[in-house]
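Thank you for making the time this morning. I would like to walk through one structure slowly, for those who have not seen it before, and I will take it region by region.

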Amino acid sequence: MEEKKKIVFSAIKPSGDITLGNYLGAIKNWIGLQDEYECYYCIADLHAITVKQVPAQLRKRVLEILAIYIASGLDYRKSTLFVQSHVPAHSEASWILTCSANMGELSRMTQYKDKTSKLKENSSISAGLFNYPVLMAADILIYQADFVPVGVDQKQHVELSRDIAQRFNSAYSETFVLPDSKISESAAKIMDLTDPSKKMSKSDDNENSYILVLDPPDVIRRKISRAVTDSVGVVNYTDDQPGVKNLINIVCAIKGIRPEEVVASFEGRGYKEFKEYVAEVIVEELEPIQKKANELLTDKTQLEEIYTEGAMKANRIALKTLRKMQKKVGLLPAVLKYL
Ligand code: TYM
């Protein structure tokens, strides 16, 4: 008998246009997992509304991200590509898990602390932002995912999902597989181009701090030429030169090479030449994706077919786990004759 494939789940939150950090930290790693694992790749729109969104922009962005997924090499015939809100089990499971999570562990999430430290008034912080890691746990656990490929910033949330799963399993008997994060080495954390002590983020106000997957080549070249480096003037891979280190990591993540190889090929050459090279490596990687994504976006019907097909499969799987959860916590099964 053929061995059952292990399950992979991951998602991106469409709260802003997706960055090179999202692409290298997440999508690029997802591609290589498609043959070995059964993969579910989701667009987490329910996560995006934890902060205020412009509705029409959010809808547009969800389609754009789906187009980028496909253009980057995610194959909808191999992997399940879908939109989170099209699978109601995510929200329902999230409520049940909210009752197994505790306030203490949620208050300790560093992303929550970072995001809310900027907002002084508690009253302006949505309860959704606080509960967000529980929704993320529901996303992962209802597919019985073994692995969650993410950037290092999401590691803590995956660990929390594991804790919640473990707690539920011991309270109600074995229900969930315990998930592990899967983190790529060179792209674990792509840094802000203007401040390499911070993560590159789609929600940053300064557009020079990030590269978007859909940034035109001249914009990519300009942003890289302005990227903050240092006064050392030598291409080294060291924590003392975080800007240069970040650019080397970008090259390594794209080309699948080691930092020493990049350093060796730039021996005796300056930052200007190095940055031109980095920009070309990024443009070469992103240009074909942009072309394909823009082509896909001209045919909304095809995208609609893809996400509908994905949602049908995802609903079947997610509902199975949700039914189990409902039964275990003691909810009376519904008999809905009018449906
Ligand atoms: P999000 O949308 O912030 O990021 C999506 C993915 O991109 C990775 N990432 C990065 N990797 C390297 N360098 C960076 N600068 C960088 N910025 C972002 C993130 O680690 C992530 O893998 N809550 C999640 C989305 C989500 C999810 C899930 C993920 C919802 N449900 C279930 C995994 C499993 C989020 O906001 O990611």
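What follows is a short tour of the ligand site, one helix, the salt bridges and a few individual residues. Please keep in mind throughout that this is a predicted model.

Let me begin with the ligand. There are 27 residues around the ligand, and among these Tyr-132, Asp-139, Asp-153, Ile-190 and Lys-202 come nearest. If you sort the residues of this shell by character, you find 14 nonpolar, seven polar and six charged. As for where they come from in the fold, strand 1, which covers residues 7-12, helix 1, covering 20-31, and helix 7, covering 127-141, each supply at least two residues of the shell.

Which atoms of the protein lie beside the oxygen and nitrogen atoms of the ligand? On the backbone side, an N or O atom of Lys-13 is placed 2.9 Å from an oxygen atom of the ligand, and a polar backbone atom of Gly-21 sits 3.3 Å from a ligand nitrogen. From a side chain, a polar atom of Lys-202 lies 2.7 Å from an oxygen atom of the ligand. The ligand taken alone would expose 700 Å², and the protein buries 98% of that.

Let me move now to helix 3, which runs over residues 55-72. This helix has 18 residues, and from its first C-alpha to its last it reaches 26 Å, which is close to the 26 Å expected at 1.5 Å a residue. Is helix 3 mostly covered or mostly open? It is mostly covered, with 13 of its 18 residues buried. Just after the helix comes Gly-73, which takes a positive phi of about 120 degrees. On the other side, in the loop between helix 2, residues 45-48, and helix 3, we find Gln-53. With a relative accessibility of 15%, Gln-53 counts as buried, and its side chain makes a polar contact of 3.4 Å with the side chain of Arg-61.

The next topic is charge pairing. As background, side chains of opposite charge can pair when their charged atoms come close. In this model the count comes to 19 salt bridges, and I will pick out a few of them.

One of them joins Lys-28 and Glu-285, whose closest N and O atoms are 2.9 Å apart. Because Lys-28 lies in helix 1 and Glu-285 in helix 12, residues 271-297, this pair ties together parts that are 257 residues apart in sequence. The partners differ in their surroundings, since Lys-28 is partly exposed at 25% relative accessibility, whereas Glu-285 is buried at 17%.

Another salt bridge is the one where the side chains of Glu-105 and Arg-167 meet, at 2.8 Å from N to O. This pair, too, links distant parts of the chain, with Glu-105 in helix 5, residues 103-107, and Arg-167 in helix 8, residues 155-172, the two being 62 residues apart. Here Glu-105 is buried, with a relative accessible area of 6%, and Arg-167 is partly exposed, with 30%.

A further salt bridge brings together the side chains of Lys-198 and Asp-204, at 3.3 Å from N to O, and Lys-198 counts as partly exposed at 38% relative accessibility. Beyond such pairs, Glu-185, Arg-258 and Glu-260 are joined into one network by salt bridges that share partners.

I would also like to point out some details of the backbone. Most residues other than glycine have a negative phi. Against that background, what phi does Gln-144 have? It has a positive phi of about 55 degrees, although Gln-144 is not a glycine. Gln-144 belongs to the loop between helix 7 and strand 4, residues 147-149, and it is buried, with a relative accessible area of 16%. Ser-173, which is not a glycine either, has a positive phi of about 85 degrees. Its place is in the loop between helix 8 and strand 5, residues 180-182, and Ser-173 is partly exposed, with a relative accessible area of 40%.

The last residue I want to mention is Tyr-271, which is in helix 12 and counts as buried at 12% relative accessibility. Its C-alpha atom is separated by 10.0 Å from that of Ser-231, while the two residues are 40 residues apart along the chain.

That is the end of the tour, and I am glad to go back to any part of it.

Note on methods: Residues are numbered from 1 along each chain as its sequence is written. This is a predicted model: local features need pLDDT of at least 70, side-chain atom pairs count only at pLDDT 80 or more; totals for chains, interfaces and linings use all residues. Side-chain values use heavy atoms; hydrogens and water are left out. A residue is near a molecule or strand if one of its heavy atoms lies within 4 Å of it. A polar contact is a pair of N or O atoms within 3.5 Å; within protein, one must be able to donate a hydrogen and the other to accept it, and residues adjacent in sequence count only if both atoms are side-chain atoms. Accessible areas come from the Shrake-Rupley method with a 1.4 Å probe; for residues, only the protein chains shown count as cover. Helices (H or I, at least four residues) and strands (E, at least two) are DSSP runs, numbered from the N terminus. Ala, Val, Leu, Ile, Met, Phe, Trp, Tyr, Cys and Pro count as nonpolar, Asp, Glu, Lys and Arg as charged, and the others, Gly among them, as polar. The expected span of a helix is 1.5 Å times one less than its number of residues. Buried means under 20% relative accessible area, exposed over 50%, partly exposed in between (1.4 Å probe, protein chains only). A salt bridge is a side-chain nitrogen of Lys or Arg within 4 Å of a carboxyl oxygen of Asp or Glu.
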